Amino acid sequence: MRIAIPLTDAPALHESARRTRWLRGVLALALVCALVLTLRAALRPQPHVRILAPQTSPVVVLDLSWSTSSDYRRIGSTLRTLAASDRRIGLVVFSDAAYEMFPPGTPARELRTLLRFFEGPKSRRADSPWATSLSGGTRISSALLLARDVLRRERIANGSAVLVSDLGDSPNDRAALSAAVVTYLRDGIPLRVVGIEPTAQDARFFQALLGSRPLAPRPGGGARPATSSSPAGLPVALFVLGAVFLLLLAVNEHYGARLRWSRA
């Protein structure tokens with residue numbers, strides 16, 4: 001049985017009660033906002049995918065050799081991310097030979113015209129327009145050299161290149177590939193590599209070729225980036241918002257707790 005004990009100075013607590021209710025309302029609103037922002041940061045596609053070097057005019061070098069046939073949907077995911085970048089790009093496609101599909105300066109959204117060949121239940125190499133023209137092995141060196149020549153032809157001073165490949169290069173092309181990468185380093189052209197399910201051996205070869213620079217992670221996973229001491233791929237905003245949410249929760253528990261009476 002509960003017994004109410006009247007307090008003669010109860011009216012003096014009204015102001016404190018009103019202030020506490022206002023404070024709890026503000027904290028509750030702040031908690032909801034922090035929670036919403038945290039969820040948005042967690043669910044948002046992370047731009048750790050920064051495939052394209054900033055402040056440059058990039059040429060995407062896309063591997064369409066037979067060895068990538070089983071990874072077409074992963075390639076499609078990468079192309080979709082590039083198409084949504086709102087950048088202007090060029091596109092070079094290759095297998096044992098390479099050709100320029102889009103010139104530099106083409107809106108990246110034009111890549112969406114290729115997605116039907118990489119996504120959906122009918123994404124098969126046999127249905128693509130390059131099924132016969134790009135049916136040989138893989139010579140990455142020829143594609144990188146063509147991309148470099150395209151940048152020179154267009155006199156693009158701030159050019160860069162992004163290689164999207166399973167990195168399964170022909171053994172006979174390794175020397176030429178190394179020489180091609182050296183020309184990029186010598187000319188100061190940024191080169192990024194997105195490995196589409198590369199083997200551990202191929203990933204190690206490219207990591208050694210690129211020096212300390214890691215392979216760029218493929219959107220949605222699947223690439224094997226080099227181990228890096230930099231946490232650049234971590235969603236820092238998510239951790240910050242999570243910490244803010246926990247701090248607000250602690251403040252709410254401290255200031256919004258019910259009064260406790262001593263038994264003494």
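**Exercise 1. Find the aromatic pair in this predicted model and classify its geometry.**

Solution. The structure holds one aromatic pair, and the residues that form it are Phe-205 and Phe-206. Their ring centres lie 5.7 Å apart, which can be set against the pairing limit of 6.5 Å. The angle between the two planes is 85°, and since planes over 60 degrees apart count as edge-to-face, the pair belongs to the edge-to-face class.

**Exercise 2. Decide for Phe-205 and for Phe-206 whether the residue is buried or partly exposed, and identify the charged residue over the face of Phe-205.**

Solution. Begin with Phe-206, whose relative accessible area is 2%; because buried means under 20%, Phe-206 is buried. Phe-205 has a relative accessibility of 21%, and because partly exposed covers the range between 20% and 50%, Phe-205 counts as partly exposed. Turning to the face of the Phe-205 ring, one finds Arg-174 lying over it, at 4.0 Å from the ring centre.

**Exercise 3. Work out the strand order of the open sheet and determine which strands stand at its edges.**

Solution. The open sheet has five strands, arranged in the order β3-β2-β1-β4-β5 with mixed pairing. Reading that order from its two ends gives β3 (98-107) and β5 (191-195) as the edge strands, and because each has a single partner strand, one side of each is left without a neighbour in the sheet. From one strand to the next, the twist averages 15°. For β3, the pairing with strand β2 (residues 88-94) is antiparallel and runs over six bridges, and within this part of the sheet Val-93 has Tyr-99 of β3 as its bridge partner.

Methods: Residues are numbered from 1 along each chain as its sequence is written. This is a predicted model: local features need pLDDT of at least 70, side-chain atom pairs count only at pLDDT 80 or more; totals for chains, interfaces and linings use all residues. Side-chain values use heavy atoms; hydrogens and water are left out. Rings of Phe, Tyr and Trp (its six-membered ring) pair if their centres lie within 6.5 Å; planes under 30 degrees apart count as stacked, over 60 as edge-to-face and the rest as tilted. Buried means under 20% relative accessible area, exposed over 50%, partly exposed in between (1.4 Å probe, protein chains only). A charge sits over a ring if NZ of Lys or CZ of Arg is within 6 Å of the ring centre and within 35 degrees of the ring normal. Two strands pair if DSSP finds at least two bridges between them. Helices (H or I, at least four residues) and strands (E, at least two) are DSSP runs, numbered from the N terminus. Axes are lines fitted to C-alpha atoms, for helices over the stretch in contact, and angles run from 0 to 180 degrees between N-to-C directions.
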